[in-house]
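Hi,

Here is the structure I promised to pass on. Please have it open while you read; my notes follow.

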Amino acid sequence: MLNVDNQQYPEEIVKEEYSEYRYEDDMPEVNRSASEYIIKDSNIRYLSEEDLQGLSADECRLARNEIYARNGRKFEDEELLNYFNSCSWYHGTIEPNDFQENMLSDIEITNKNLIVEYEKKMGYR
């Protein structure tokens, strides 16, 4: 059993998902924090495409919407609503129609745009 995000997983599952990494500590932060964040610090630092490598279409969608969720945006989409409601840090306070892009910081806008471009490049959008 290996410990990832303070949870125990069978070693073969972790090795399969992270086969390119030699040690648990070498695993990318985006995947290690998946239980609470897709990209833990997308609100405070500029991301690079390297930070997005290996993310699935669903993970990209969640990472993009995580930026909005951190700012209190509520979601009409049931899948997004259920996902973010399961996150201890999420507190939806702003109705979707009341949320404005200018409520995001420059870093968050840049990161959202990077994720969108990555999704297009990967054929997810």
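There are 8 aromatic pairs in this structure, which is a predicted model. Take Phe-75 and Phe-84. Their ring centres lie 5.1 Å apart and their planes meet at 20°, so this pair is stacked. Both partners are buried: Phe-75 has a relative accessibility of 6%, and Phe-84 has 0%. Trp-89 and Tyr-90 also pair, but edge-to-face, with 6.2 Å from centre to centre and 90° between the planes. Both of these residues are buried too.

Which residues form one aromatic cluster? They are Tyr-37, Phe-75, Tyr-83, Phe-84, Trp-89 and Tyr-90. So the stacked pair and the edge-to-face pair both belong to that cluster.

Next, helix H5, which spans 78-85. Its buried residues are Leu-80, Tyr-83 and Phe-84. Seen down the helix axis, they fall within an arc of 90°, so they line one face of H5. The spacing fits a general rule: an α-helix has 3.6 residues a turn, so residues three or four places apart point the same way. What do the buried residues of H5 pack against? Their partner is helix H4 (57-70). At the start of H5, look at Asp-77. One of its side-chain oxygens reaches to within 3.0 Å of the backbone nitrogen of Glu-79.

Now the core. The largest nonpolar core has 23 residues. Ile-38, Ile-39, Leu-52, Phe-75, Phe-84 and Tyr-90 have the most contacts inside it. H4, H5 and H6 each supply at least two residues of this core. The largest share comes from H4, with 6 residues. Phe-75, Phe-84 and Tyr-90 thus appear both in the list of most-connected core residues and in the aromatic cluster.

Then Cys-87. It sits in the loop between H5 (78-85) and helix H6 (106-121). Is Cys-87 buried or exposed? Its relative accessibility is 3%, under the 20% cut-off, so Cys-87 counts as buried. Its C-alpha atom is 8.0 Å from that of Tyr-37, although the two residues are 50 apart along the chain. Tyr-37 is the cluster member mentioned above.

One last item involves a charge and a ring. The charged end of Arg-73 sits over the ring of Tyr-68, 6.0 Å from the ring centre.

Best wishes

Terms used. Residues are numbered from 1 along each chain as its sequence is written. This is a predicted model: local features need pLDDT of at least 70, side-chain atom pairs count only at pLDDT 80 or more; totals for chains, interfaces and linings use all residues. Side-chain values use heavy atoms; hydrogens and water are left out. Rings of Phe, Tyr and Trp (its six-membered ring) pair if their centres lie within 6.5 Å; planes under 30 degrees apart count as stacked, over 60 as edge-to-face and the rest as tilted. Buried means under 20% relative accessible area, exposed over 50%, partly exposed in between (1.4 Å probe, protein chains only). A charge sits over a ring if NZ of Lys or CZ of Arg is within 6 Å of the ring centre and within 35 degrees of the ring normal. Helices (H or I, at least four residues) and strands (E, at least two) are DSSP runs, numbered from the N terminus. The arc is that of the directions from the helix axis to the C-beta atoms. Contact means heavy atoms within 4.5 Å. A polar contact is a pair of N or O atoms within 3.5 Å; within protein, one must be able to donate a hydrogen and the other to accept it, and residues adjacent in sequence count only if both atoms are side-chain atoms. A nonpolar core is a set of buried Ala, Val, Leu, Ile, Met, Phe, Trp, Tyr and Cys residues joined through side-chain atoms within 4.5 Å.
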